[in-house]
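Hi,

Here is the structure I promised to pass on to you. Have a look at it first, and then read on for what turned up.

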Amino acid sequence: MKQTIDHVVIKSIPNVHDLRGKLAVVEKDIIPFVMKRVYYLYDVPSDAYRGGHAHREQESVLIALSGSFEVLIKDGEREKKVMLNKPDKGLYIPTGIWREIDNFSSGAICLVLASTEFKEDDYIRAFDEFKSYKGL
């Protein structure tokens with residue numbers, strides 16, 4: 001299936017709230033894949049960006065654990081910016097979607113839940129190569 005930005009969706013992460021605060025829970029039914037890797041971005045300067053790639057195999061969910069940042073997603077024909085700033089919302093990005101993450105607020109932490117372990121050959125790092133991969 002040819003993935004488009006329409007396949008990129010916000011996933012709600014259930015949480016329990018009481019007088020002591022909130023507890024968010026990410027379990028197997030919340031994300032549409034089996035997690036193989038978890039990593040996070042932090043101390044990213046406000047004028048820097050991360051990402052700038054797509055994946056052939058990896059699916060991801062990005063969560064703003066603290067602060068905020070924007071995710072620019074592209075499918076080769078259309079693009080959309082998504083602001084992440086709530087720790088109970090995750091942005092699901094399927095395979096074959098270009099992503100760039102920028103406008104990090106002070107203290108922002110971007111948690112990434114990934115469906116694969118790191119494999120360099122899964123990354124498409126040049127946008128022209130991405131467009132060719134998508135058949136555009």
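Let's start with one residue: is Phe130 buried or exposed? Phe130 is buried, with a relative accessible area of 0%. Keep in mind that this is a predicted model, so everything below is computed from predicted coordinates.

Phe130 has company. Phe127 and Phe130 make an aromatic pair of the tilted kind, with 5.5 Å from centre to centre and 35 degrees between the planes. Both sit in helix α1 (residues 127-133), and being three residues apart there, they are separated by about one helical turn. Unlike buried Phe130, Phe127 counts as partly exposed, at 27% relative accessibility. Trp98 joins in too: ring pairs link Trp98, Phe127 and Phe130 into a cluster.

There are seven aromatic pairs in the structure. Another one of them is Tyr40 with Tyr42: their ring centres are 5.6 Å apart and their planes meet at 40 degrees, so this pair is tilted. Tyr40 is exposed, with a relative accessible area of 52%.

Now step back to the whole chain. It has one helix and 12 strands, and if you read along the sequence, the strands come before the helix. The radius of gyration is 15 Å, close to the 14 Å that the globule rule gives for 136 residues, so the chain is as compact as a globular protein of that length. Along its principal axes, the C-alpha trace spans about 55 × 35 × 25 Å. Of the 136 residues, 40% count as buried. The chain exposes about 7900 Å², and carbon and sulfur atoms supply 50% of that. Here's one I liked: among contacts between residues at least 6 apart in sequence, 79% join residues at least 24 apart.

On to the strands. Five of them form an open sheet in the order β8-β7-β10-β5-β12, with antiparallel pairing. At the edges stand β8 and β12 (123-124), each with a single partner strand, so one side of each is left without a neighbour in the sheet. Inside this sheet, β7 pairs with strand β10 (residues 98-102) in the antiparallel sense over five bridges. If you want a spot to find on screen, Glu70 stands opposite Asp102 in β10.

For a smaller example, try strand β2 (residues 15-18) and strand β3 (residues 21-24). They run antiparallel and four bridges join them. A hairpin connects β2 to β3 through two residues, and Asp18 stands opposite Gly21 in β3.

Finally, the inside. The largest nonpolar core has 19 residues, and those with the most contacts inside it are Leu62, Phe69, Val71, Leu84, Ile93 and Phe104. At least two residues of this core come from each of β6 (60-66), β7 (69-74), β8 (79-84), β9 (89-93) and β11 (109-114). The largest share, three residues, is from β7. Apart from this core lies another, of nine residues, among them Ile13, Ile30, Val61 and Leu113.

What does Phe69 touch, leaving out residues up to four places away in sequence? The residues it touches include Ile63, Val82, Leu84, Ile101, Phe104 and Ile109.

Have fun turning it around on screen!

Cheers

Key: Residues are numbered from 1 along each chain as its sequence is written. This is a predicted model: local features need pLDDT of at least 70, side-chain atom pairs count only at pLDDT 80 or more; totals for chains, interfaces and linings use all residues. Side-chain values use heavy atoms; hydrogens and water are left out. Two strands pair if DSSP finds at least two bridges between them. A nonpolar core is a set of buried Ala, Val, Leu, Ile, Met, Phe, Trp, Tyr and Cys residues joined through side-chain atoms within 4.5 Å. Buried means under 20% relative accessible area, exposed over 50%, partly exposed in between (1.4 Å probe, protein chains only). Contact means heavy atoms within 4.5 Å. The radius of gyration is taken over C-alpha atoms; the globule rule is 2.2 Å times the number of residues to the power 0.38. Accessible areas come from the Shrake-Rupley method with a 1.4 Å probe; for residues, only the protein chains shown count as cover. Rings of Phe, Tyr and Trp (its six-membered ring) pair if their centres lie within 6.5 Å; planes under 30 degrees apart count as stacked, over 60 as edge-to-face and the rest as tilted.
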